[in-house]
Amino acid sequence: MSLHPTLQPYADAWTHSIEAISELVQPLVEGEWNGRTPCPGWSVRDVVSHVIGLDCEMLGDPRPIHTLPRDLFHVTNDHQRYSEMQVDVRRHHTAPEMTSELEYTIIRRNRQLRGESRDPGTKVRGPLGTELTLEESMRGHAFAVWAHEQDLRVALGRPGNLDSPGAHVARDVLLAELPGVVAARANAPRSSAVVFDVHGPIEFLRTIRVDIQGRGTLETAPALGPAATLTLDWETYVRLACGRVTPEAAMDRIKAEGDADLTSAILRNFTVTQ
């Protein structure tokens, strides 16, 4: 294996999640592909189409030439339009077409990863013409595929893998976004601290400290006398951060202490995915 050691955890996480997705959808009958998922406007078929599209992007395939319908209410920004292209172009594909394309894409991606010898800092193409390092691209991809595995599990009533390799990647990706959520978006008071106590299959206690300039930093040390503390389970944390559930719908699973206005602002701004 020529993959750089820094990239190996992301390849392993992707492999674990994509094989789980394949196992979940392989036995589905035609009607089950139309089942609703937590992704607004997306069915099981749509989520799998998106995952195939993500891997096609990683492979460097040309994007489909396709015109989106104008009545897609869930498509409201350029990032969503970008993602929707790979989804809408497959909306009329049959179950066998979906599973065979997924399997073929997995084979191609495995072959690509076996031959991947580039440095983690190599610049690669990202969505909407952006440029990322290979490490950033593979980390984001592992996170996205795991998150969509969870979407499918919710839709199909097959919970699991909340502590898988992809879940650990997701934890790190989402924690990296917390300082911005608390300091910039929720506008937490300067020289304050907010504590997040997360339990369940993945557990962590983290503090966001906001300095005198209003910048947030992520710390593992607990804060004495924090301005606010949010206690919740890992699955709820993920679903909030990925925009799969509203704070109002999840309040029975969240314990908020301290400044009520601040905890409310944090929860309103908790979604960090596009």
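Begin with the surface of the whole chain: about 13200 Å² is exposed, and carbon and sulfur atoms supply 52% of that area. The model is predicted.

**The whole chain**

Keep everything selected and show the backbone as a cartoon. Nine helices and seven strands make up the secondary structure. Reduced to its C-alpha atoms, the chain fills a box of roughly 55 × 40 × 35 Å along the principal axes. The radius of gyration is 19 Å, which agrees with the value near 19 Å that a compact globule of 274 residues would have.

Next, colour by burial. Of the 274 residues in the chain, 48% are buried. Contacts can be sorted by their distance along the sequence: among those with a separation of 6 or more, 65% join residues 24 or more positions apart.

Then colour the charged residues. The chain has 28 positive and 37 negative charges, and the mean positions of the two groups are 3 Å apart.

**The nonpolar core**

Select Phe 196, Trp 234, Tyr 237, Ile 266 and Phe 270. These are the residues with the most contacts inside the largest nonpolar core, which has 73 residues. Now add helix α6, residues 165-185; the largest share of this core, 10 residues, comes from that helix.

Centre the view on Tyr 237. Which residues is Tyr 237 in contact with, leaving aside its neighbours within four places in sequence? They are Leu 174, Leu 175, Leu 178, Val 198, Phe 204, Leu 232 and Phe 270.

**Strand β6 and the loop before it**

Select Thr 231, which is in strand β6. Is Thr 231 buried or exposed? Its relative accessibility is 17%, so Thr 231 counts as buried, the cut-off being under 20%. Show what surrounds Thr 231: apart from neighbours within four places in sequence, it is in contact with Asp 197, His 199, Arg 253, Ile 254 and Lys 255.

Step back along the chain to Ala 227, in the loop between β5 (216-219) and β6 (228-233). Ala 227 has a relative accessible area of 23% and is therefore partly exposed. With residues up to four places away in sequence not counted, Ala 227 touches Ser 192, Ala 193, Glu 257, Gly 258, Asp 259 and Leu 262. For a sense of scale, add Val 89 to the selection: its C-alpha atom and that of Ala 227 are separated by 48 Å, and the two residues are 138 residues apart along the chain.

**Helix α1 and the segment before it**

Move to helix α1, residues 8-25, and pick out Ser 17. What is the relative accessibility of Ser 17? The value is 0%, so Ser 17 counts as buried. Beyond residues up to four places away in sequence, Ser 17 touches Val 145, Trp 146, Glu 149 and Gly 166. Gly 166 falls within the range of helix α6, residues 165-185.

The last stop is His 4, in the segment before α1. His 4 counts as partly exposed, at 28% relative accessibility. Leaving out residues up to four places away in sequence, His 4 touches Arg 118 and Pro 120. To finish, select Thr 37 together with His 4: they are 33 residues apart along the chain, and their C-alpha atoms are separated by 35 Å.

Notes:
Residues numbered from 1 in each chain as written. Predicted model: local features only at pLDDT ≥ 70, side-chain atom pairs only at ≥ 80, totals over all residues. Heavy atoms only, no water. Core = buried A, V, L, I, M, F, W, Y, C linked by side-chain atoms within 4.5 Å. Buried < 20%, exposed > 50% of the residue type's maximum accessible area, 1.4 Å probe, protein only. Helix = DSSP H or I, 4+ residues; strand = E, 2+ residues; numbered from the N terminus. Contact = heavy atoms within 4.5 Å. Rg over C-alpha atoms; globule rule 2.2 N^0.38 Å. Areas by Shrake-Rupley, 256 points an atom, 1.4 Å probe, with all protein chains shown as cover. Lys, Arg positive; Asp, Glu negative; His and termini not counted. Charge placed at Lys NZ, Arg CZ, Asp CG, Glu CD.
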